[in-house]
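Dear colleague,

I am handing over the structure we spoke about, so that you can look at it alongside the notes below. Please read them with the sequence and the coordinates open.

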Amino acid sequence: MFYGTFEHTVDEKGRVAVPARFREILQATNDRIVITNFFIGSTRCLDVYPHAAWMQLEERLRSKPQFDQLVLRFQNYYFTAAHDCDFDKQGRILLPPTLREYAGLKKDVVFTAAGEKFRIWDREQWKLVHGEAERGFMEHPEHFGELGI
C-alpha cells in the first residue's frame, strides 16, 4: 500500500523522480509501472499502478462481458491511454507527452497515495481537489462513519 503526499518537479524532458517511499514499494515487486488517465470531479490527474496491480485489474476486466457498452467505454477511456514505464538509474520515469498534456502537468507535480496505486497531479489542481475533500468532510463529519471502514 502507498501512503503520503510528495511534491516533485518535472524536468524539461518530461522526467520526474518517483518519491523514494513509493520506489521502495515498487522495487519490492518488479520496478515497472503502468500510467493512465484519471479524474476526480472535473480535475484530471494520472493513475499509476505497480505492474502486478495493473495485471489484476486487467484480469477483473476480462471477466466482464466483452460487448457491454460500459465495459467498452471504460476500455476506451482507461486502457487505451495506458503506458508501461520503467525507472532510469536516478529513480525517474518519463511521463509520456500525451499523459502530461491530459493531466496538465508542466513543472510542479504532487504524488498522492491511493491504496494499491498512486496518482500524479498538477500541484495547483491538487490543492483544489484536496481542499474540496477537506471542506466536504468538515461540513459533514458523519461521512467518516458512513464510509464503513
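To begin with the interior, buried residues make up 36% of the 149 residues in the protein chain. Please keep in mind throughout that this is a predicted model.

As for the overall build, the protein chain has six helices and eight strands, and, read along the sequence, these elements follow the pattern β-β-α-β-β-α-α-β-β-α-β-β-α-α. The C-alpha trace spans about 45 × 40 × 30 Å along its principal axes. The radius of gyration of the protein chain is 16 Å, which agrees with a compact globule, because a globule of 149 residues would have a value near 15 Å. Where contacts join residues at least 6 apart in sequence, 62% of them are between residues at least 24 apart.

The largest nonpolar core has 24 residues, and the members that touch the most others are I35, L46, I93, L95, F111, F118 and I120. Two or more residues of this core come from each of α1 (20-27), β3 (33-40), β4 (43-50), α4 (97-103), β7 (108-114) and β8 (117-122), with the largest share, three residues, coming from α4.

Which residues is F118 in contact with, once its neighbours within four places in sequence are left aside? The list consists of F2, V18, F22, L26, L46, D47, V48, F111, T112 and A113, and two of these, L46 and F111, are also named among the core members that touch the most others.

There is also a second, separate core of six residues, which includes V34, Y49, A53 and W54.

Turning to the surface, the protein chain exposes about 9,300 Å², of which carbon and sulfur atoms supply 53%. The protein chain carries 20 positive and 22 negative charges, and the mean positions of these two sets are 5 Å apart.

One residue that you may like to locate is E124, which lies in helix α5 (residues 123-139). Is E124 buried or partly exposed? With a relative accessible area of 42%, E124 counts as partly exposed, because that class lies between the limit of under 20% for buried residues and that of over 50% for exposed ones. E124 and L72 are 52 residues apart in sequence, and their C-alpha atoms are 32 Å apart in space.

With best regards

Technical notes: Residues numbered from 1 in each chain as written. Predicted model: local features only at pLDDT ≥ 70, side-chain atom pairs only at ≥ 80, totals over all residues. Heavy atoms only, no water. Helix = DSSP H or I, 4+ residues; strand = E, 2+ residues; numbered from the N terminus. Rg over C-alpha atoms; globule rule 2.2 N^0.38 Å. Buried < 20%, exposed > 50% of the residue type's maximum accessible area, 1.4 Å probe, protein only. Contact = heavy atoms within 4.5 Å. Areas by Shrake-Rupley, 256 points an atom, 1.4 Å probe, with all protein chains shown as cover. Lys, Arg positive; Asp, Glu negative; His and termini not counted. Charge placed at Lys NZ, Arg CZ, Asp CG, Glu CD. Core = buried A, V, L, I, M, F, W, Y, C linked by side-chain atoms within 4.5 Å.
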